Amino acid sequence: MAWVGPVSPYLRFFRQSFSTVNPAKPPPPIPLQEFTSLCYGGQIKEAFHRFNSEIWKDPTLFSHLILSCIQAKSLLLGNQLHSLVLTSGYRREKFVANHLLNLYSKLGDLTNARKVFDEMPEKNIATWNAMVTGSIQFECNEDGLSFFREMHQSCFMPDEFALASVLRGCAGLRALYAGRQVHGYVMKCGFEFNLVVCSSLAHMYMRTKSLDEGEKVIKAMPILTVVAWNTLIAGKAQNGYSEGVLQLYKMMKMSGSRPDKITFVSVISSCSEIAILGQGQQIHAEALKSGACSDVAVSSSLIGMYSKCGCLEASLKVFSEHENGDDVLWSSMIAAYAFHGQGEEAIHLFEEMQGRGLEANEVTFLSLLYACSHCGLRKKGMELFEMMEKQCGLKPSVQHYTCMVDLLGRSGCLSEAEDMIRSMRVKPDAAIWKTLLSACKINKEADMAQRIAEEVLRLQPQDSSSYVLLANAHASAGRWKDVSEVWKAMRDKNVKKEPGVSWLEIKNQVHQFCMSDKYHPEYEKIESYLKELIAEIKKKKGYVPDTASVLHDMGVEEKEYNLTHHSEKLAVAFALMHTPPGMPIRIMKNLRICGDCHAAFRCISEVRNSEIVVRDGSRFHHFRNGKCSCGDYW
C-alpha cells in the first residue's frame with residue numbers, strides 16, 4: 001500500500017524515538033492503566049512520549065491510540081498513526097488493521113478506509129459491516145449498497161446493524177425496488193422481527209412514500225419501541241399527513257411510550273403545517289415537562305410553529321431562552337421575522353448572528369432574500385445575494401433566484417427580472433416563472449403576462465393559478481374579452497380553479513370556510529352579521545368594495561355580493577361573533593388574500609378595535625388600528 005500523508009515534526013519525533021529503541025533489551029511491563037488513561041483522557045502526545053518503546057514492542061497498543069483518535073475526532077493524528085504503523089511493519093496485523101478501518105469509516109475518510117480494506121488478507125463480518133455502515137453514515141449510499149452486494153457475494157451474512165444501514169441507504173436514494181429486495185433478504189435471514197432492522201425497514205418505506213407498507217412493518221413488530229413510533233410519526237409528517245401525526249402522537253402516549261425530542265420535532269412541525277395554535281401550545285407544555293425543550297432542534301421547531309400560527313412574540317420568547325443557540329436556531333428566528341414581513345428585524349438578527357461567529361447557510365439566505373422581497377428592500381437584497389456567493393461560498397438555488405425575481409418584479413423591474421431568469425445558472429422551474437407572472441399582474445403588464453404565462457404552462461399545463469394570474473392581469477387592464485378567453489381555455493383543458501379556503505381555531509376546534517359556504521350550520525347568522533359589518537365600515541371608514549378585482553364581467557351588485565362572501569371574510573365574521581372583544585383573531589388561508597379583503601380588514605380592525613392576523617399563501621398580515629404590517633406591499 002502506497003501511503004501518502006502529512007508528515008509533521010511531531011511524526012518525525014515519533015520516528016526518531018523508535019530508532020533509539022534497543023531491541024536486545026526487552027522493556028519492562030507497561031503499566032497499561034496509566035497508558036490507557038492518557039490515551040482516553042485526550043493526552044495522546046503524552047502517551048506517545050512516555051511509552052514509545054513499549055508501543056514499538058507491542059503492536060496491540062496501537063489500538064488504544066487509534067481509538068483515542070476516533071474519540072477526539074482527529075483524522076490528522078489518525079493519518080500520522082497510520083504512517084507509524086506502516087513504518088513499524090505492523091500494517092498486516094489484523095487487530096491493528098481493523099482499528100484503522102474503524103477510524104477511517106467513522107471519521108468519513110472513505111478513500112483510505114477502502115485502501116485499508118483492500119489490503120486486509122482476512123476480511124470478516126466486522127470489516128464488511130464497517131464499510132457498509134461507514135459509507136451510508138456519510139451519505140455515500142450507492143457505495144454502501146455496492147459493499148453490501150459484494151458482502152453477500154462473498155458469502156458473509158450481515159448482522160442487524162449492516163441490514164439497518166443498507167435500508168437507510170435505500171431510503172436516502174428513495175430506492176423502493178432495492179429496499180423491497182433487502183426486505184426479502186431480511187426475511188430470508190430471519191431478521192423480520194428484529195427491532196433495529198424493522199425500524200429501518202419501516203423508515204425506508206416511509207421515505208419512499210410507501211406509507212401502507214411501512215405501517216404494516218411496524219404493526220407486525222413484537223414491541224412498539226419509541227424508535228418505531230418515531231419512524232411512523234416522522235413518515236406521516238414528511239408525507240403531509242399532519243392530522244394523522246397528531247392522532248399517532250395520542251396513541252403513542254396511550255400505549256405508555258414516552259415521547260422524546262425526535263417525537264416532538266415531528267409533532268410540532270405538523271402543528272405548524274395546519275396552524276393549530278391550541279394543540280401546539282399543549283405539546284409545547286408537554287415538551288417542557290419532559291425536558292425536551294433544552295434540545296435546539298425542538299426549540300427551532302417551536303419557533304417555526306408559533307410563527308406559522310401567527311404568534312411572532314411567542315417565537316421570539318422561545319428564541320430568547322437559548323442564548324447559545326446554533327445557526328439552525330438563529331436561522332429559524334430569521335425565517336419567522338421574514339414570514340411576518342419584518343425585514344429590518346431579520347437583517348439585524350443576521351448581523352448579530354455574524355457577530356457571534358455563526359455561519360449562515362442556504363436556508364438563512366433564503367429567508368433574508370424573502371424578507372427583502374416582501375419589504376421592498378431592493379438594495380439590501382442585491383447585497384445579500386452577492387454576499388451569499390462571493391463571501392460565503394454558497395451557490396444560489398432556483399429558490400434564491402425566485403426571491404430575487406420577486407424583489408425585482410415588485411420594484412417594477414420586470415425586464416431585469418426576466419433577464420435574470422434567462423441567464424441564471426440553474427434550470428428555471430414553473431414557480432419562478434409564476435413569480436414573474438404575478439409581478440406582471442401587480443404592474444398591470446397584460447402583454448408581458450401573456451408571454452410569461454406560456455412559459456409557466458409549458459412546464460405545468462394544468463396549473464390553475466397561472467390561468468388565474470393571467471386573467472387578473474387582463475382584468476386589471478379592463479380587457480374582458482381576453483379574460484373570457486382565459487376561462488374558455490381552462491374549460492377546454494379541464495383545468496379546475498383551486499377554491500379559496502380559510503380556517504381558524506376557536507376553543508381547540510377548527511372551523512373551515514369556502515366562498516359562499518352555505519353548508520356551515522351558522523351560515524345565516526354569519527351572513528347577517530357580515531352584512532351589518534360591511535355597512536358599518538362603509539359608513540365609518542369610507543370603505544368601497546374593490547369590484548375591479550372580480551374576474552368576471554358582471555353587474556356591480558353581483559360583484560359586491562361576490563366580494564362579501566370571500567372565505568376569509570366569512571371566517572373573520574365568525575371569529576368576531578365567537579371571541580371576546582379585543583382578543584386577537586388568527587385566520588389561515590390557502591391562497592393569497594385579495595385586495596378587497598385586505599382593505600376591508602384594515603377598516604374592521606379599527607372599528608372593532610381588534611387585531612386580525614391573516615396567514616395567506618405568501619406571508620402574514622397583521623391588521624391593527626386600520627393598518628397592516630405589510631404596509632400594503634404584498
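**Exercise 1. Place H511 in the fold and decide whether it is buried or exposed.**

Step 1. Find the element. H511 sits in strand β2, residues 509-514. Strands (E, at least two residues) and helices (H or I, at least four) are DSSP runs, numbered from the N terminus.

Step 2. Check the basis. This is a predicted model, in which local features need pLDDT of at least 70 and side-chain atom pairs count only at pLDDT 80 or more, while totals for chains, interfaces and linings use all residues. Residues are numbered from 1 along each chain as its sequence is written, and side-chain values use heavy atoms, with hydrogens and water left out.

Step 3. Read the accessibility. H511 has 15% relative accessibility, so H511 counts as buried. Buried means under 20% relative accessible area, exposed over 50%, and partly exposed in between (1.4 Å probe, protein chains only).

Step 4. List the neighbours. Leaving out residues up to four places away in sequence, H511 touches S502, W503, L504, I506, H520 and F574. Contact means heavy atoms within 4.5 Å.

**Exercise 2. Work out the strand order of the sheet and explain why β2 and β6 each have one side without a neighbour.**

Step 1. Write the order. Six strands form an open sheet, β2-β1-β3-β4-β5-β6, with mixed pairing.

Step 2. Look at the edges. β2 and β6 (627-628) each have a single partner strand, so one side of each lacks a neighbour in the sheet. Two strands pair if DSSP finds at least two bridges between them.

Step 3. Take one pair. β4 (residues 612-615) and β5 (residues 620-624) run antiparallel and are joined by four bridges. R615 has F620 in β5 as its bridge partner.

Step 4. Add the helix. α32 (residues 567-578) lies across β1 (501-506), β2, β3 (585-589) and β4. The helix runs at about 15 degrees to β1. Axes are lines fitted to C-alpha atoms, for helices over the stretch in contact, and angles run from 0 to 180 degrees between N-to-C directions.

**Exercise 3. Locate K209 and N494, and give the sign of phi for each.**

Step 1. Recall the background. Most residues other than glycine have a negative phi.

Step 2. Take K209. Its phi is positive, near 65 degrees. K209 lies in the loop between α12 (195-207) and α13 (211-219). With a relative accessible area of 63%, K209 is exposed.

Step 3. Take N494. Its phi is also positive, about 60 degrees, although N494 is not a glycine. N494 is in the loop between α29 (480-492) and β1. N494 counts as exposed, at 53% relative accessibility.
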